[in-house]
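Q: Could you take a close look at how one pair of helices packs in this model, and then walk me outward from there? Keep it casual, but give me the numbers.

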Amino acid sequence: MMELTEVKDRFKSCPLVEEIDMLPKGHVRISTAFRYPDGSSVDVFIADRPSLLSKIMPMTLTDFGNTFLWLDQMDIRPLRSARRRRLTLDILETHGIEHSKGVLSCNVAPQELAIGVIRLGQACIRVADLIFTHRIASQGSFQEEVESIIEDTSLDYEQNAKIIGRGDVVVPVDFLVRSSELETAIFTLPAESSHASVAKARAENVFARCYDLRDWRGQRVAALDDRRLLYRDEDIGRIREVATIVPISQPEAMRDLLLAA
């Protein structure tokens with residue numbers, strides 16, 4: 001069994017390690033100076049128990065699933081939405097961390113124990129910071145707001161997707177959301193420009209794309225930024241003939257529509 005004093009000797013001059021103790025099952029817990037967004041400590045564990053004196057056998061460092069559990073308590077699922085999955089996997093790849101069933105881990109040689117603790121600790125806090133992608137969505141672009149609503153449904157989706165429409169026309173869609181029964185093409189009607197001509201051109205573009213998908217078997221949804229009265233009633237009326245318009249001020253309506261598909 002690994003001697004606790006051996007581990008402590010490795011970190012006695014490391015300011016990033018605050019406390020080291022042995023759990024009842026023999027795993028060594030290393031409390032680091034890294035912090036989750038709520039201020040709680042990021043703990044790293046030595047999962048297996050080879051002797052530190054061995055220069056050959058690698059050791060497994062793990063968070064025992066605490067990072068994903070922390071996000072789950074904040075109602076964030078790192079791998080369920082395409083955007084968060086992409087961010088999570090990029091973080092893990094950058095730090096050389098593996099993921100399996102919610103557990104983050106890495107294998108290190110005994111002489112690289114300190115480096116491994118730092119790598120895993122950094123990965124844990126960066127993954128936990130995904131909570132901020134949820135909190136600041138409303139401060140970003142309209143496209144990000146719509147994406148945040150889609151993410152809340154936990155449905156699979158693709159951004160900037162392409163669908164084959166009538167006459168084999170390739171139709172770009174802002175988001176393509178997939179449920180078990182039906183696909184949903186989402187088009188955005190932002191109000192980020194104060195020029196009426198820009199809004200009119202955008203409305204005509206959305207109408208044309210929806211029209212090209214009139215024979216498509218999925219449902220067409222236009223997400224409208226209704227916080228500014230920028231779009232003309234007649235332009236919105238034309239789009240309503242070929243798509244379901246959902247105001248951004250009613251995010252629950254968008255979620256319900258997607259989940260009912």
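A: Sure. H6 passes H9 in a right-handed crossing. Keep in mind that this is a predicted model. The two partners are helix H6, residues 142–152, and helix H9, residues 251–259; their axes lie 9 Å apart and the packing angle is about 50°. With that angle, H6 counts as oblique to H9, since the oblique class takes whatever is not roughly parallel (under 35 degrees), roughly antiparallel (over 145) or roughly perpendicular (65 to 115).

Now zoom in on the side that touches. H6 brings Ile149, Ile150 and Asp152, and these meet Pro251, Met254, Arg255 and Leu258 of H9. Sort the residues of this contact by type and you get five nonpolar, no polar and two charged. Asp152 on the H6 side and Arg255 on the H9 side are among the residues that meet here.

For another helix pair, try H3 and H4. Helix H3 spans residues 82–95 and helix H4 residues 113–128; their axes come within 9 Å and cross at roughly 165°. H3 and H4 are therefore roughly antiparallel to each other. This crossing, too, is described as right-handed. On H3 the contact uses Thr88, Ile91, Leu92, Thr94 and His95, while H4 answers with Arg119, Gln122, Ala123, Arg126 and Val127. The split for this contact reads four nonpolar, four polar and two charged.

Next, the sheet. Five strands make up an open sheet with mixed pairing, ordered S7-S8-S9-S10-S11. Strand S7 (156–164) and strand S11 (244–247) sit at the edges with a single partner strand each, so one side of each has no neighbour in the sheet. Going from one strand to the next, the twist averages 40°.

Inside that sheet, strand S9 (residues 183–189) and strand S10 (residues 219–224) run in the parallel sense and pair over six bridges. If you want a spot to click on, Ala185 stands opposite Arg220 in S10. Helix H7, residues 196–212, packs on the sheet and touches strand S8 (170–178) as well as S9 and S10. The direction of H7 makes about 165° with that of S9.

One last stop is Phe132, which sits in helix H5, residues 131–135. Phe132 counts as partly exposed because its relative accessibility is 34%. Its C-alpha atom is separated by 9.1 Å from that of Pro37, although Phe132 and Pro37 are 95 residues apart along the chain.

How values were computed: Residues numbered from 1 in each chain as written. Predicted model: local features only at pLDDT ≥ 70, side-chain atom pairs only at ≥ 80, totals over all residues. Heavy atoms only, no water. Axes fitted to C-alpha atoms, helices over the stretch in contact; angles between N-to-C directions. Helix = DSSP H or I, 4+ residues; strand = E, 2+ residues; numbered from the N terminus. Left-handed = near helix turned anticlockwise from the far one by under 90°. Contact = heavy atoms within 4.5 Å. Nonpolar A, V, L, I, M, F, W, Y, C, P; charged D, E, K, R; others polar. Buried < 20%, exposed > 50% of the residue type's maximum accessible area, 1.4 Å probe, protein only. Pairing = 2+ DSSP bridges.
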